[in-house]
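Hello,

The model we discussed is below. My notes on it follow.

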There are 4 protein chains.
Amino acid sequence: MIIGKNIWAIPEGYITAWSNGPAPEFTSHEAACILNTGDADAHIELTIFFADREPAGPYLIEVKARRTKHIRFNELTEPEKIPLGTSYSSLFVSDVPVISQHTRLDSRQSENALITTIAYAE
Amino acid sequence: MIIGKNIWAIPEGYITAWSNGPAPEFTSHEAACILNTGDADAHIELTIFFADREPAGPYLIEVKARRTKHIRFNELTEPEKIPLGTSYSSLFVSDVPVISQHTRLDSRQSENALITTIAYAE
Amino acid sequence: MIIGKNIWAIPEGYITAWSNGPAPEFTSHEAACILNTGDADAHIELTIFFADREPAGPYLIEVKARRTKHIRFNELTEPEKIPLGTSYSSLFVSDVPVISQHTRLDSRQSENALITTIAYAE
Amino acid sequence: MIIGKNIWAIPEGYITAWSNGPAPEFTSHEAACILNTGDADAHIELTIFFADREPAGPYLIEVKARRTKHIRFNELTEPEKIPLGTSYSSLFVSDVPVISQHTRLDSRQSENALITTIAYAE
């Protein structure tokens, strides 16, 4: 079974310009989690939008068939790194349907955190 | 009245590999909360997707008519336990319409936590 | 302009059975925020679903024309109070379109909290 | 490529009436992040709804072509400032499709925070 959509957008994005502790444990993990439930690999073009300059990209991302992948925005390097301490938005265009969830990960997975979102329905 | 959809997906999932305190109070409660507003029991097949291996499942879940149920991912055991410290995604396929919300529960329900999501509409 | 939907559902709900400080500041504020953008008052029937008993309700709620309202679940009393320390789900059926957002409010509005959700689109 | 919708609503909104530290670092950053992926500037009319008075606005907002913008509700001044310590809702009507995400920003971007939401799909 394959479900999802080909186009996804996340307006909110921000990678901290500094950290309180040793890397990589305290590095910001702004991420998009992408699920590909189908039997074909997904090839995704990611474009990054900013407040005051032209968009960056496309960044090329592959999510294999029947796999899930975390896209950590601070690890993107080609065609350019995303600047730190700057707000950005992201637009994903995939050649097969996928599902995308926006998450700011805490590498320490604090037990006190509460998160919630309505799941994706079809 | 019965509302909802038959297929739901949650790309983001993670069960901590360790805890800071005595179980079960400090155990991670990554959960899907499923609401069945109809007059027929819902029979759900849950498939778990990973980054680097074939999916696990199906896990069989029942949500009775006019009932709600928390699916705690760390309590799933058949056909296999979900590995700890590993990112996963989940796909729910139900025989009747249901509504699913993704939540990481804090068993202590910290008063400081703020959560929000647009509700499911129909 | 009037936008929204007539039926809304929130699978996740939980009112803490205890609190850490003096009421009402430290009381749990599990809430649904409902926006009525139209020129007619909204009359809403709220049903509460549980894991192991028949649903409660309907609770009758009015959101005036061009107004917003916070429904705090711990303040509902008719036809019965929602039990504390128990998971529940909620279903809203309105006679005019409204928009609903699920929020657990922190009465102290901690500056450290981060919340996010894609807004409701039409 | 242009994606999105023309009408967006955020029922939940609250600007704290006080702060714990020096401004602007500890000022509340209740925000809507708006992404305009198209080649035409977006002209948006924002209306603010309250619990007990007529709506305020319209506030006029522009998001340039291929740009993203954070609308911080506490910075809106025309036609009137949004009162502090008061719940409000917001309605955005744009002349071109945009995508909106609701966020309460922490200016210190705490590494412990966990946020999540399903992205916008088309």
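**Findings**

B:E30 is buried, with a relative accessible area of 1%. Buried here means under 20% relative accessible area, exposed means over 50%, and partly exposed lies in between (1.4 Å probe, protein chains only). B:E30 sits in strand 2 of chain B, residues 29-36. Strands (E, at least two residues) and helices (H or I, at least four) are DSSP runs, numbered from the N terminus. The side chain of B:E30 makes a polar contact of 2.6 Å with the side chain of B:H102. A polar contact is a pair of N or O atoms within 3.5 Å; within protein, one must be able to donate a hydrogen and the other to accept it, and residues adjacent in sequence count only if both atoms are side-chain atoms. Setting aside residues up to four places away in sequence, B:E30 touches B:H102, B:Y14, B:F73 and B:Y88, among others. Contact means heavy atoms within 4.5 Å.

**Conventions and confidence**

This is a predicted model: local features need pLDDT of at least 70, side-chain atom pairs count only at pLDDT 80 or more, and totals for chains, interfaces and linings use all residues. Residues are numbered from 1 along each chain as its sequence is written, chains are lettered from A and ligands numbered from 1 in the order in which they are written, and side-chain values use heavy atoms, with hydrogens and water left out.

The average pLDDT of chain A is 86, and 84% of its residues score at least 70. pLDDT is the predictor's confidence in each residue, from 0 to 100. For the complex, the predictor gives an ipTM of 0.88 and a pTM of 0.91.

**Chain A overall**

Chain A has eight strands and zero helices. From the N terminus, its elements read β-β-β-β-β-β-β-β. The chain has 122 residues, and 57% of them are buried. Of its contacts with a separation of 6 or more, 75% are between residues 24 or more positions apart. Its exposed area is about 4600 Å², with 51% supplied by carbon and sulfur atoms. Areas come from the Shrake-Rupley method with a 1.4 Å probe; for residues, only the protein chains shown count as cover.

**Hairpins**

In chain A, strand 3 and strand 4 (residues 56-63) run antiparallel, joined by six bridges. Two strands pair if DSSP finds at least two bridges between them. A:A42 has A:V63 in strand 4 as its bridge partner. The two strands form a hairpin with five residues between them.

Chain B has a hairpin too: strand 3 and strand 4, with five residues in between. Strand 3 (residues 42-50) and strand 4 (residues 56-63) of chain B pair in the antiparallel sense over six bridges. There, B:E45 stands opposite B:L60 of strand 4.

**Loop residues**

A:A40 is in the loop between strand 2 (29-36) and strand 3 (42-50) of chain A. A:A40 is partly exposed, because its relative accessibility is 38%. Leaving out residues up to four places away in sequence, A:A40 touches A:A65 and A:V96. Its C-alpha atom is 8.0 Å from that of A:R66, 26 residues away along the chain.

A:R66 lies in the loop between strand 4 and strand 5 (67-72) of chain A. Its phi is near 55°, a positive value in a residue other than glycine. A:R66 is partly exposed at 26% relative accessible area. In chain D, D:R66 is in the loop between strand 4 and strand 5. Phi of D:R66 is near 55°, again positive and not in a glycine. D:R66 is partly exposed, at 25%.

**Between chains D and A**

D:T68 is in strand 5 of chain D, residues 67-72. At 4% relative accessibility, D:T68 is buried. Its side chain makes a polar contact of 2.6 Å with the side chain of A:S89. A polar atom of that D:T68 side chain also lies 3.3 Å from the backbone oxygen of D:I34. Beyond its neighbours within four places in sequence, D:T68 is in contact with residues including A:P11, A:F49, A:Y88 and D:C33.

**Cis peptides and cysteines**

The bond from C:E78 to C:P79 is cis, with omega near 5°. C:P79 is in the loop between strand 5 (67-72) and strand 6 (88-105) of chain C. D:G57 and D:P58 are also joined by a cis peptide bond, omega about 5°. D:P58 is in strand 4 of chain D.

The disulfide count is zero over all chains, with a disulfide taken as a pair of cysteine sulfur atoms within 2.5 Å. B:C33 is buried at 0% relative accessibility, and C:C33 is buried at 1%.

Best regards
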